[in-house]
Amino acid sequence: MARRSPSPGPGPRRPPPPARPPLALLLLAAAAAALLPTGDGQNLFTEDVTVVEGDVATISCRVKNNDDSVIQLLNPNRQTIYFRDFRPLKDSRFQLVNFSNSELRVSLTNVSISDEGRYFCQLYTDPPQEIFMTITVLVPPRNLVIDIQKDTAVEGEEIELNCTAMASRPATTIKWFKGSKELKGKSEVEQWSDMYTVTSQISLTVRREDDGVPVVCEVDHPAVKDLQTKRYLDVMYKPQIRVSQLLPASGLTREGDLLDLLCQVEGKPEPTDTTWFRVDEEMPPHVIVSGSNLHISSLNKSDNGTYRCEASNEVGKAFVDYMLYVYDTTATTEPAVHDSRAGEESAITAVDHAVIGGVVAVVVFAMLCLLIILGRYFARHKGTYFTHEAKGADDAADADTAIINAEGGQNNSEEKKEYFI
């Protein structure tokens, strides 16, 4: 008959387990440990990167006092790019530049907007360390274009110019220049997804001096340098006229001299009609006009007058007057100054110095005559005074009788008597 083995009796009692700290305290302690550097003094460093689209970005994870802890680089999606010197991510644009105990450096070629974001460096210490860097991608303007309201403008007309910088990141700043002078424009910004299109506008009142002057639109953007485009102003203006006296060279026009005048005309478009004529009088028969030249072979007094050079183009008409005064052959005075200023309806002619001298002489002569007349007038009144004073004294026998006979009565005679005494 089989036996059952006796059941074991109660053994010695074990001590109760120690009390555990609350879960909140454990989590707080773990978080504090993660923020503190490791006991052996290892520290992880990195830097943000700014790169132009299409260029190369270099990412660096650096460690101070590394004890062979593993360094890892992750992309914004938390995918491992490099684990030590091994690349598990199948993106050949990432290439290892340097790997050592103190650094993991990786290059990213042909950077695009999709590569922008946070990249993480991890160091497998106890506890692990992690920091992140940011890659910022700059996009230069795709295109820079100036649109002008009119290809050709007329002097005095106001025109508008627009400059557009398309698809940049960040939004660009546009500057305007006319020649070397900076102009102030008005800009508008439009955003499409992550890109910005900027349009700037200016208004100009053009002058003839602006013809051929470049208007420059320049971009101020961190991704590019010296990016600009320009348009040259095309301004039409009415003729500009200048009359030159070629002969006589001295400028003094005497009888018998040869007179040769040249009418120089400039305008845009080129003036097609240039003429000489005499203002308010018939042109003398011996005057020869050849194109822009006026020629008189032998000057005489009958040639005196105003000669006008007139020119016109599609924009308008202009003229210059030349006042001719022929001197005697014995004249030695300075030559008269002939006016050569342009006008639209009339021109201001020069005043002959001889005429001015004649006017001055007449004025001086009139003043002398006036002085003589005034002198005679005052002298006559003064003589009358003395005549009345002595009236009645001519027939007197002596001085006392003369005083008594003078006008003024007894009182007067007494006064006179005292005077003569």
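Reader: Let's start with one side chain: what is the relative accessible area of Asp328?
Author: Asp328 counts as partly exposed (buried means under 20% relative accessible area, exposed over 50%, partly exposed in between, with a 1.4 Å probe and protein chains only). Keep in mind that this is a predicted model, where local features need pLDDT of at least 70 and side-chain atom pairs count only at pLDDT 80 or more, while totals for chains, interfaces and linings use all residues. Residues are numbered from 1 along each chain as its sequence is written, and side-chain values use heavy atoms, with hydrogens and water left out. For Asp328, the relative accessible area is 41%.

Reader: Which side chain meets Asp328 in a salt bridge?
Author: A salt bridge here is a side-chain nitrogen of Lys or Arg within 4 Å of a carboxyl oxygen of Asp or Glu, and for Asp328 and Lys301 the N to O distance is 3.5 Å. The pair links distant parts of the chain, 27 residues apart: Asp328 is in the loop between strand 25 and strand 26, and Lys301 in the loop between strand 23 and strand 24. Lys301 is partly exposed, at 33% relative accessibility. The partner of Asp328 is Lys301.

Reader: How many salt bridges are there by this rule?
Author: Side chains of opposite charge can pair when their charged atoms come close. The salt bridge of Glu281 is one example, with its closest N and O atoms 3.7 Å from those of Arg278. The two ends differ in cover, as Glu281 is partly exposed at 44% and Arg278 is buried at 8%. By this rule the count is 17.

Reader: And Glu155, which residue does its side chain meet in a salt bridge?
Author: The N to O distance between Glu155 and Arg208 is 3.0 Å. These two link distant parts of the chain, 53 residues apart, with Glu155 in the loop between strand 11 and strand 12 and Arg208 in the loop between strand 16 and strand 17. Glu155 is partly exposed at 30%, whereas Arg208 is buried at 15%. The side chain that Glu155 meets is Arg208.

Reader: On to the cysteines: how many disulfides does the structure hold?
Author: A disulfide is a covalent bond between the sulfur atoms of two cysteines, and it's called here when the two sulfur atoms are within 2.5 Å. With bonded cysteines counted along the chain, the pattern is 1-2, 3-4, 5-6. The structure's disulfide total is three.

Reader: Which cysteine is joined to Cys61 by a disulfide?
Author: Cys61 and Cys121 sit with S to S at 1.8 Å. The link spans 60 residues, from strand 3 (residues 57-64) to strand 8 (residues 117-123). The torsion about the S-S bond is about -70°, so this disulfide is left-handed. Both cysteines are buried, and the one joined to Cys61 is Cys121.

Reader: What is the torsion about the S-S bond in the link of Cys163 and Cys217?
Author: Cys163 lies in strand 12 and Cys217 in strand 17, so the pair ties together parts that are 54 residues apart in sequence. Cys163 is buried at 0%, and Cys217 is buried at 0% as well. The link is left-handed, and its torsion is -80°.

Reader: Which cysteine pairs with Cys263 in a disulfide?
Author: Cys263 and Cys309 are joined with S to S at 1.8 Å. Cys263 lies in strand 20 and Cys309 in strand 24, so the pair ties together parts that are 46 residues apart in sequence. Cys263 is buried at 3%, and Cys309 is buried at 0%. The partner of Cys263 is Cys309.

Reader: How many strands does the chain have?
Author: Helices (H or I, at least four residues) and strands (E, at least two) are DSSP runs numbered from the N terminus. The chain has four helices. The strand count is 26.

Reader: In what order do the five strands of the open sheet come?
Author: Two strands pair if DSSP finds at least two bridges between them, and eight bridges join strand 19 to strand 20, which run antiparallel. Across the five-strand sheet the pairing is mixed. The order is 11-19-20-23-22.
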